Amino acid sequence: MEENLRNIHLFRELDDQVLQELGVFTREIDYDRKQYIFIEGQTRDTVYFLHTGTVRVFHVSSDGRETIHQIVRSGQIFPQTGAFDLSVYPGTAETITPCTILSTPRKKFEAWYIKNVSLLKDANKTMRAKFPHRGGARRPELPFYDSIERIVANSRSTS
């Protein structure tokens with residue numbers, strides 16, 4: 001489990017013992033294409049990390065229009081609104097490709113995170129130094145824009 005957790009961006013720089021502690025209550029689940037992981041409105045009781053594959057998190061409005069909140073790629077945590085939010089899931093997560101997902105109970109993850117927050121801050125600092133294009137240049141709201149608006153938003157963030 002430690003090697004799978006190490007593939008998650010947030011955990012790459014952590015030592016084996018810290019990852020082993022997280023691995024005790026983390027489960028690996030394989031999903032086929034077009035399977036739901038969670039449904040909008042369900043209680044947010046699990047934190048998910050995408051080990052392999054691609055997932056989309058979307059919302060369907062009352063008039064049936066679908067809005068994609070996030071496309072999740074390997075190594076990312078989801079939903080992107082955070083692991084400590086006590087609200088319901090903000091959208092529905094569906095696999096686009098076959099996936100391997102690591103899941104951990106939200107309360108246990110929160111306790112583990114608080115215990116190791118200084119290590120995680122150091123690891124994130126190291127990641128930003130190694131990959132400066134990832135630190136702040138990403139625009140999580142871009143899925144809500146059309147193509148022209150995305151180009152304009154990206155050009156503003158790089159100027």
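Colleague: What makes the link between the side chains of Arg56 and Glu66 a polar contact?

Modeller: In this predicted model, the side chains of Arg56 and Glu66 are joined at 2.3 Å. The cut-off for a pair of N or O atoms is 3.5 Å, and 2.3 Å falls within it, so the pair is called a polar contact. Arg56 also makes a polar contact with the side chain of Glu94, at 2.7 Å.

Colleague: Why is Arg56 called buried or exposed?

Modeller: Arg56 has 15% relative accessibility. Buried means under 20%, so Arg56 counts as buried. The residue sits in strand S4, residues 54-60.

Colleague: Which residues is Arg56 in contact with, leaving aside its neighbours within four places in sequence?

Modeller: Glu66, Ile68, Gln70, Ile71, Thr92, Ala93, Glu94 and Ile96. As for Tyr36, its C-alpha is 9.7 Å from that of Arg56, with the two positions 20 residues apart in sequence.

Colleague: Ile68 and Ile71 are among those contacts. What makes them part of a patch on the surface?

Modeller: Ile68, Ile71 and Ile96 together form a nonpolar surface patch with about 190 Å² of accessible area. Members of a patch need over 30% relative accessible area; Ile71 has 31%, so it passes that cut-off. Ile71 belongs to strand S5, residues 66-73.

Colleague: Why is Ile71 then called partly exposed?

Modeller: The class lies between under 20% for buried and over 50% for exposed. The 31% of Ile71 falls in between, so partly exposed is the term.

Colleague: How do you know whether Gln76 is buried or exposed?

Modeller: Its relative accessibility is 15%. That is under 20%, so Gln76 is buried. Gln76 is in the loop between S5 and strand S6 (77-78), and its side chain reaches the backbone nitrogen of Arg73 at 2.7 Å.

Colleague: How many aromatic pairs are there, and why is the pair of Tyr48 and Tyr89 called tilted?

Modeller: The count comes to 11 aromatic pairs. For Tyr48 and Tyr89, the ring centres are 6.4 Å apart, and the planes meet at 45°. The centres are within 6.5 Å, so the rings pair; 45° is neither under 30 nor over 60 degrees, so the pair is tilted.

Colleague: What does the pair of Tyr48 and Tyr89 tie together?

Modeller: Tyr48 lies in strand S3 (residues 46-52) and Tyr89 in the loop between S6 and strand S7 (92-95), so the pair ties together parts 41 residues apart in sequence. Tyr48 has 8% relative accessibility and Tyr89 has 2%; each value is under 20%, so both are buried. Elsewhere, Phe11, Phe49, Phe109, Trp112 and Tyr113 form one aromatic cluster.

Colleague: What makes the backbone at Lys34 worth a remark?

Modeller: Lys34 has a positive phi of about 65° and is not a glycine. Most residues other than glycine have a negative phi. Lys34 is placed in the loop between strand S1 (27-31) and strand S2 (36-38). With 49% relative accessibility, Lys34 is not over 50%, so it counts as partly exposed.

Colleague: How do you know that the peptide bond from Phe78 to Pro79 is cis?

Modeller: Its omega is near 0°. Most peptide bonds are trans. Pro79 is in the loop between S6 and S7.

Colleague: How many helices and strands does the chain have?

Modeller: Five helices and eight strands, in the order α-α-β-β-β-β-β-β-β-β-α-α-α. Of the 159 residues, 36% are buried.

Definitions and conventions:
Residues are numbered from 1 along each chain as its sequence is written. This is a predicted model: local features need pLDDT of at least 70, side-chain atom pairs count only at pLDDT 80 or more; totals for chains, interfaces and linings use all residues. Side-chain values use heavy atoms; hydrogens and water are left out. Helices (H or I, at least four residues) and strands (E, at least two) are DSSP runs, numbered from the N terminus. Buried means under 20% relative accessible area, exposed over 50%, partly exposed in between (1.4 Å probe, protein chains only). Patches are made of residues with over 30% relative accessible area and no salt bridge: like charges are joined within 9 Å, nonpolar side chains (Val, Leu, Ile, Met, Phe, Trp, Tyr) within 5 Å. Accessible areas come from the Shrake-Rupley method with a 1.4 Å probe; for residues, only the protein chains shown count as cover. A salt bridge is a side-chain nitrogen of Lys or Arg within 4 Å of a carboxyl oxygen of Asp or Glu. A polar contact is a pair of N or O atoms within 3.5 Å; within protein, one must be able to donate a hydrogen and the other to accept it, and residues adjacent in sequence count only if both atoms are side-chain atoms. Rings of Phe, Tyr and Trp (its six-membered ring) pair if their centres lie within 6.5 Å; planes under 30 degrees apart count as stacked, over 60 as edge-to-face and the rest as tilted. Contact means heavy atoms within 4.5 Å.
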